[in-house]
Amino acid sequence: MHMSRDGEPCHVEIFRRGQSEVIADGGDDQELLPEGVQEILKASGFVEETVPPLYSWFQLPPNLGRREENARSGRALAALTEAGYLVAFDPDLSDDGD
């Protein structure tokens, strides 16, 4: 289980880093994200990024626009929650993207 930036336990945290990319993280070099979480993120359009040897995270592709980033993040949130995962979700991703 991961501790979110707000100190809450979760399986995965989805957030906007600054004013740029949308990140989904929760694993570390000892404990990767659960396979089910990884599958849902990929199905929602997130792409796995890595820094060898062991660190990995998921991120939405650049240049989607805020509206599309928020829509994909929201779909991931809904699917992850429905599957029983605890998600720390950045409220900035809930707006309409304007």
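In what order do the five strands of the open sheet lie? To find out in this predicted model, select the strands and step across them from one side to the other: the order is β5-β6-β4-β3-β7, and the pairing is mixed. The tour begins at the borders of the sheet, where β5 (47-51) and β7 (87-89) are the edge strands, each of them pairing on one side only. If you look along the strands, you can follow how neighbours in this sheet are turned against each other, by 25° on average when direction is ignored.

Next, select β4 together with β6 (residues 55-59), two strands that run antiparallel and are joined by two bridges. Within this pair, pick out A24, which stands opposite F58 in β6. Now add α2, the helix that packs on the sheet and touches β3, β4 and β7, with a direction that makes about 165° with that of β3.

From here, turn to the largest nonpolar core, which has 14 residues; V12, I14, A24, L41, F46 and L80 are the members that touch the most others. At least two residues of this core come from each of β3 (12-16), β4 (22-25), α1 (35-43) and α2 (66-82), and α1 gives the largest share, with three residues.

Finish by centring the view on F46 and showing what surrounds this residue. Leaving aside neighbours within four places in sequence, F46 is in contact with I14, V22, I23, A24 and L41, among others; the list of contacts also includes F58, Q59 and L60, as well as R72, S73 and A76.

Conventions. Residues numbered from 1 in each chain as written. Predicted model: local features only at pLDDT ≥ 70, side-chain atom pairs only at ≥ 80, totals over all residues. Heavy atoms only, no water. Core = buried A, V, L, I, M, F, W, Y, C linked by side-chain atoms within 4.5 Å. Buried < 20%, exposed > 50% of the residue type's maximum accessible area, 1.4 Å probe, protein only. Helix = DSSP H or I, 4+ residues; strand = E, 2+ residues; numbered from the N terminus. Contact = heavy atoms within 4.5 Å. Pairing = 2+ DSSP bridges. Axes fitted to C-alpha atoms, helices over the stretch in contact; angles between N-to-C directions.
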